[in-house]
Amino acid sequence: MSGTEKQQSKSGVVAIVGRPNVGKSTLMNRILGEKLSITSRKPQTTRHRLLGIKTVGLSQFIYVDTPGIHSNVETAMNRYLNRAATSSMDDVDAVVFVIDGEKWSSEDEAVLELLKKQRRPVIAIINKLDQIGNREKLLPMIEKLSGQMEFNSIIPLSALKGQGVEQLEKQLESLLPEGSHLYDEDQITDRSERFLVAERIREKLTRQLGQELPYALTVEIEQFKEAGKITDIAAVIWVEREGQKGIVIGKKGSRLRSVGKEAREELEQLLGRKIFLQLWVKVRAGWSDDDRALQSLGYREDQLL
Ligand SMILES: Nc1nc2c(ncn2[C@@H]2O[C@H](COP(=O)(O)OP(=O)(O)OP(=O)(O)O)[C@@H](O)[C@H]2O)c(=O)[nH]1
Ligand SMILES: [Mg+2]
C-alpha cells in the first residue's frame, strides 16, 4: 500500500449455523474470549439469536449465534428455534457452517440443503478436532464436503481447545466488506444484562437436570434492581406440569439451591457485583406450544433478524 492511501475500516455480519449440539456457541465464545452464549451437552441449548461483537483494530466482526436447526417441529418452540436460525442466514456477509467431525446426520444434510440455496460465502468448520483420534479420518470428510457445494474454505477446528480458530478468523477477515463500525469497539453483545442473567440460570438448569426437563422450562426475570452494593434479582422458572416443578425444586429444595448457588457465583463474575438471587418455580401449562405464551416469555418475532 502506498503511503498516501488510507486504510479503510471493515465491518461485517457472520452467521454461525448448524444442527444442534455441534459446538456453535462454544465456537462463538472461544472467538470472543468470553462466555457469552450458554452451552451444554444437550441439544437445543441455544434458543435465541445472540450477537457477539469483536473489534480488532479496523475490523469489526458481528457474529450471530443461532439455535441448532433441527427436524423435530412438533411444538411452537421447535418452530421458533428453526425460524430464528434460518432467518439469521439472510442478509449476512458470511456463514460459518459448523459440523461435528465425528458424526454427520440427516440434520446436517438438511442444513447443507439450505446453504446450497443461498449465495453468501460459506466456511465449513469440522469441529471437535480434539476428539478425532485419527487425523486421516479428516480427508474423506473434507472430500465429501467439497463435493457437496462450493465452500469458501473448509477448516478443521476445536472450539473447545482453540486449534484452528485463528485460521477461521483470518479467513473471515478477508470476507468482511469495507464500511464503518456499527458498534463501539468495547461492546460485546446487543443483549441486556437481564437477558444474559436469565440465560445463565437456564444453563445451570439445563446442565443439572435430566434429559427431558430442559425442554419444558424457561426462565423469566421478574426483578432486577440495584440495592446499594447488591443487585437484587428474582427469576421465575416456568415449567409445564406440577410434577416437573417438584423435580426442579428437588428433595427439600436441594436441586433449586444447587442451581441457585452455581448461577449466583457465575453471575457475580459476569456482572462484577454482589448478587442476591431468588428463584421461584411456577407452572404454566403448555407454554412451549403456545405462540402467545412464547411471545410473553421473550421468544419474540422482533428478536429475529
Ligand atoms: N470435545 C469437544 N467438545 C466440544 C467442542 N465444541 C463444543 N463441544 C461440546 O459440545 C457440546 C455442545 O456445544 P454447544 O456449543 O452448546 O453446541 P451448539 O451447537 O451451540 O448447540 P445448540 O445451541 O443446542 O444448537 C458441549 O458439551 C460442548 O462442550 C470441541 O471442539 N471439542
Ligand atoms: Mg448453542
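**Figure 1. The second largest cavity of this predicted model.** Nine names make up this view. Lys42, Pro43, Gln44, Thr45, Arg47, Arg202, Thr206, Pro214 and Tyr215 line the second largest cavity. The space inside is about 30 Å³. Which classes of residue does the lining have? By class, there are three nonpolar, three polar and three charged residues. Where does this cavity lie? Domain 1 (10-175) and domain 2 (193-303) both give residues to the lining, so the cavity lies between them.

**Figure 2. The largest cavity.** A search of the whole structure finds two cavities of 30 Å³ or more. The largest has a volume of about 50 Å³. Its lining is formed by Leu36, Ser37, Ile38, Thr46, His48, Leu50, Phe195 and Glu199. Sort these residues by class, and the lining divides into four nonpolar, three polar and one charged. Rolling a probe the size of a water molecule over the atoms shows where empty space is left.

**Figure 3. The two domains and their contact.** The domain assignment of the chain gives domain 1, residues 10-175, and domain 2, residues 193-303. How far apart are the C-alpha centres of the two domains? They lie 27 Å apart. The domains also touch. Domain 1 puts 20 residues into the contact, and domain 2 puts in 29 residues. Look back at the second largest cavity here: residues of both domains line it, so it sits between the two.

**Figure 4. The largest pocket.** This pocket holds about 600 Å³ of space. It is lined by 27 residues. Which of them are the closest to the centre of the pocket? They are Asn21, Thr26, Ser40, Arg41 and Lys128. Two helices each supply at least two residues of the lining: helix H1 (24-32) and helix H6 (193-208). H1 gives the most, with three residues. By class, the lining of the largest pocket divides into seven nonpolar, 13 polar and seven charged residues.

**Figure 5. Helix H1 against helix H5.** Two packed helices are described by the angle between their axes and the distance between the axes. Helix H5 covers residues 165-175. The axes of H1 and H5 come within 11 Å and cross at roughly 80°. Angles of 65 to 115 degrees count as roughly perpendicular, so H1 is roughly perpendicular to H5. Find the touching residues next. From H1 come Leu27, Arg30 and Ile31, while H5 brings Val165, Leu168 and Glu169. What classes make up this contact? It has four nonpolar, no polar and two charged residues.

**Figure 6. Helix H7 against helix H8.** Helix H7 covers residues 242-249, and helix H8 covers residues 254-271. Their axes come within 5 Å and cross at roughly 60°. H7 and H8 are therefore oblique to each other. Which residues make the contact? On the H7 side they are Ile247, Val248 and Ile249. On the H8 side they are Ser254, Arg255 and Leu256. By class, this contact has four nonpolar, one polar and one charged residues.

**Figure 7. Lys103 and its surroundings.** Lys103 lies in a loop. Strand S4 (94-100) stands on one side of this loop in the sequence, and helix H3 (106-116) on the other. Which residues does Lys103 touch, not counting those up to four places away in sequence? They are Arg19 and Asp108. Now find Val22. Lys103 and Val22 are 81 residues apart in sequence. In space, they are 9.1 Å apart, C-alpha to C-alpha.

Key:
Residues are numbered from 1 along each chain as its sequence is written. Chains are lettered from A and ligands numbered from 1 in the order in which they are written. This is a predicted model: local features need pLDDT of at least 70, side-chain atom pairs count only at pLDDT 80 or more; totals for chains, interfaces and linings use all residues. Side-chain values use heavy atoms; hydrogens and water are left out. On a 1 Å grid over the protein atoms alone, a cavity is a set of points where a 1.4 Å probe fits but cannot get out, and a pocket is an open set with protein on both sides within 12 Å along at least five of seven lines; lining residues have an atom within 4 Å of a point. Grid points are joined across faces, edges and corners, and a volume is the space filled by probe spheres set on the points. Ala, Val, Leu, Ile, Met, Phe, Trp, Tyr, Cys and Pro count as nonpolar, Asp, Glu, Lys and Arg as charged, and the others, Gly among them, as polar. Domain bounds come from an automatic or database domain assignment. Axes are lines fitted to C-alpha atoms, for helices over the stretch in contact, and angles run from 0 to 180 degrees between N-to-C directions. Helices (H or I, at least four residues) and strands (E, at least two) are DSSP runs, numbered from the N terminus. Angles under 35 degrees count as roughly parallel, over 145 as roughly antiparallel, 65 to 115 as roughly perpendicular and the rest as oblique. Contact means heavy atoms within 4.5 Å.
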